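Please open the structure in your viewer and keep the selection panel at hand. The tour below proceeds from one selection to the next.

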Amino acid sequence: MTIGFVVNDVKTEKPEHTTIFLAQRMHNLGHRVLLMGVGDLAYYPDGYMGATATFADSKQKYKSPATFLEAIQGPKAKQARVTAPEIDVLMLRNDPSSEGEGRSWAQNAGIIFGQLAQRHGVIVLNDPTSLSDAVNKMYFQHFPEAVRPRTLITRDKEEIKEFFNEQKNNIILKPLQGSGGSGVFMVKKDDSTNLNQIVEAISRDGYVIAQEYLPQATEGDTRLFVVNGEALQYKGKYCAMHRVNSKDDIRSNIHAGGTAVAAKISQTALDLVELVRPKLIQDGMFMVGLDIVGDKLMEINVFSPGGMPTASNLEGVDFSIPVIEALERKVHYKKTYGTQIDNKTVAMI
């Protein structure tokens with residue numbers, strides 16, 4: 001099986017990333033693994049999309065994601081031009097919201113080239129057409145109200161003030177675009193002094209999400225991986241971690257100072273998975289990360305959910321194994337049925 005991973009930039013990948021974790025495991029199993037940044041993608045005169053892909057020596061096995069990444073980013077890395085007919089699976093693992101200033105061209109590149117690859121029979125995960133609808137947090141609002149905190153999305157200060165006054169507790173303010181805890185603020189019920197300034201700061205770059213505050217958030221949140229529409233399990237363990245906020249910080253994201261501990265997956269969490277499952281299946285969202293607080297979802301990460309290596313370490317099992325087995329099955333189905341089944345169907349079987 002030949003699998004391509006599209007990332008923001010091969011040079012900025014880190015050994016703790018889920019992408020590198022999966023890539024190293026797949027390489028060691030004998031699969032051909034190609035990494036490509038969005039800037040490496042191309043459309044060639046022969047009518048195929050492709051890329052200048054980076055890969056490690058196929059004769060070598062690597063003890064860890066770190067040593068694999070050294071081979072990918074080091075002087076011995078190999079590069080070659082590949083086109084869609086050579087690729088079985090293309091995993092879109094680039095995060096549009098993390099593209100910096102001057103790289104606006106990169107935000108939708110993975111989706112656009114993923115759609116081209118799909119036309120030529122490549123299995124593209126997650127489905128690029130659905131990902132185009134999920135570039136900002138508005139996608140979350142398409143899921144049932146029962147799974148979401150009460151939310152207002154606007155640029156109007158007065159509407160946000162009214163929403164704030166209606167709440168019995170604090171509120172959370174954050175930008176519609178963005179991820180990883182960037183630009184997230186809590187306005188306390190008994191102190192609205194900075195409400196105007198916060199709204200003005202966020203709204204300079206677009207819409208503001210005002211959201212009811214969930215008191216359980218003080219205990220952190222749980223990241224739970226969902227694959228093929230089901231909570232990812234292996235050897236009786238769930239691929240999940242509980243992220244605890246750092247002191248005096250409302251954000252539980254790991255790179256925002258949070259720490260990870262083993263998670264206890266309750267029936268409430270599994271009920272949330274069941275509620276979002278139909279939409280995920282409809283949209284061909286093969287692998288997503290649910291961020292759970294209490295009985296609500298704070299976010300559904302469909303682009304590049306992270307934390308699988310951490311969950312594997314915490315639970316003592318290798319969660320890459322069921323993911324790789326699922327990909328191998330998809331390639332088998334695709335080769336068996338060809339164009340008779342579409343990408344969204346293959347993504348979820």
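**From a strand pair to a buried histidine**

Begin with L173, whose bridge partner in β10 is F185. The model is a predicted one. Next, select the whole of strand β9, residues 171-175: β9 and β10 pair in the antiparallel sense over 3 bridges. Helix α6, residues 195-203, packs on the sheet and touches β9, β10 and β11. The direction of α6 makes about 25° with that of β9.

Now extend the selection to the full sheet. Its 4 strands form an open sheet with antiparallel pairing, in the order β8-β11-β9-β10. At the edges are β8 (151-154) and β10 (185-187), each of which pairs on one side only. On average, neighbouring strands of this sheet are turned by 25° against each other, direction ignored. Add helix α5, residues 157-166, which lies across β8, β9, β10 and β11 (208-212) and runs at about 170° to β8.

Proceed to helix α2, residues 65-73, where P65, F68, L69, A71 and I72 are buried. Seen down the axis of α2, the buried residues fall within an arc of 155°, so they line one face of the helix. They pack against α1, β2 and β4 (49-55).

Finally, select H31, in the loop between α1 (18-28) and β2 (32-37). Is H31 buried or exposed? Its relative accessibility is 13%, so H31 counts as buried. Beyond its neighbours within four places in sequence, H31 is in contact with M1, M26, I324 and E328. The C-alpha atoms of H31 and M1 are separated by 5.2 Å, although the two are 30 residues apart along the chain. With E328, H31 makes a side-chain to side-chain polar contact of 2.8 Å.

Definitions and conventions: Residues are numbered from 1 along each chain as its sequence is written. This is a predicted model: local features need pLDDT of at least 70, side-chain atom pairs count only at pLDDT 80 or more; totals for chains, interfaces and linings use all residues. Side-chain values use heavy atoms; hydrogens and water are left out. Helices (H or I, at least four residues) and strands (E, at least two) are DSSP runs, numbered from the N terminus. Buried means under 20% relative accessible area, exposed over 50%, partly exposed in between (1.4 Å probe, protein chains only). Contact means heavy atoms within 4.5 Å. A polar contact is a pair of N or O atoms within 3.5 Å; within protein, one must be able to donate a hydrogen and the other to accept it, and residues adjacent in sequence count only if both atoms are side-chain atoms. The arc is that of the directions from the helix axis to the C-beta atoms. Two strands pair if DSSP finds at least two bridges between them. Axes are lines fitted to C-alpha atoms, for helices over the stretch in contact, and angles run from 0 to 180 degrees between N-to-C directions.
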